[in-house]
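Biologist: I should like to discuss the aromatic rings here, and the grounds for each term applied to them.

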Amino acid sequence: WDMKTFLAIIFVYTLCFGACFFMLLRNPQSFYSEDGDSFVQILYGTYTILLGDTDLPESFLPNGVKLAFIMFTLFNLIILLNLLISIIGDTFDRVKDSSVKAR
């Protein structure tokens, strides 16, 4: 159950920043960015950034996108890693307590 919560947080986190990148890169008259990328393609790009791919395409040059990228990566490194470590630590403590009670 612990990992379901973490995965839900990552899903919402990726979706929100994907929408942010899409809004910063899109043409207001269409559902596509200036380069013709759809929301799904930008969401996939956001997911690959989450996994550590920092080779940014040329479309990530505007300042607003750079700021969103920095926020995305810092939030990823600091908050999500600490959240994962605390979830795993709590799970380990719970399993350890249950094994001591079982003896």
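Modeller: Ring pairs join Tyr-13, Phe-17, Phe-21, Phe-72 and Phe-75 into a cluster. The model is predicted, so local features need pLDDT of at least 70 and side-chain atom pairs count only at pLDDT 80 or more, while totals for chains, interfaces and linings use all residues. Residues are numbered from 1 along each chain as its sequence is written, and side-chain values use heavy atoms, with hydrogens and water left out.

Biologist: How many aromatic pairs does the structure hold?

Modeller: There are six aromatic pairs. Rings of Phe, Tyr and Trp (its six-membered ring) pair if their centres lie within 6.5 Å; planes under 30 degrees apart count as stacked, over 60 as edge-to-face and the rest as tilted.

Biologist: Why is the pair of Tyr-13 and Phe-72 called stacked?

Modeller: The centres of Tyr-13 and Phe-72 are 5.0 Å apart and the planes differ by 5°, and therefore the pair meets the limits for stacked. This pair links distant parts of the chain, with Tyr-13 in helix α1 (residues 2–25) and Phe-72 in helix α3 (residues 63–102), 59 residues apart. Helices (H or I, at least four residues) are DSSP runs, numbered from the N terminus.

Biologist: What makes Tyr-13 buried?

Modeller: Buried means under 20% relative accessible area (1.4 Å probe, protein chains only). Tyr-13 has 6%, so Tyr-13 is buried; Phe-72, at 0%, is buried as well.

Biologist: Why is the pair of Phe-17 and Phe-21 tilted?

Modeller: Their ring centres lie 6.5 Å apart with the planes at 45°, so the pair is tilted. Both residues belong to helix α1, four residues apart, about one turn of the helix.

Technical notes:
Helices (H or I, at least four residues) and strands (E, at least two) are DSSP runs, numbered from the N terminus. Buried means under 20% relative accessible area, exposed over 50%, partly exposed in between (1.4 Å probe, protein chains only).
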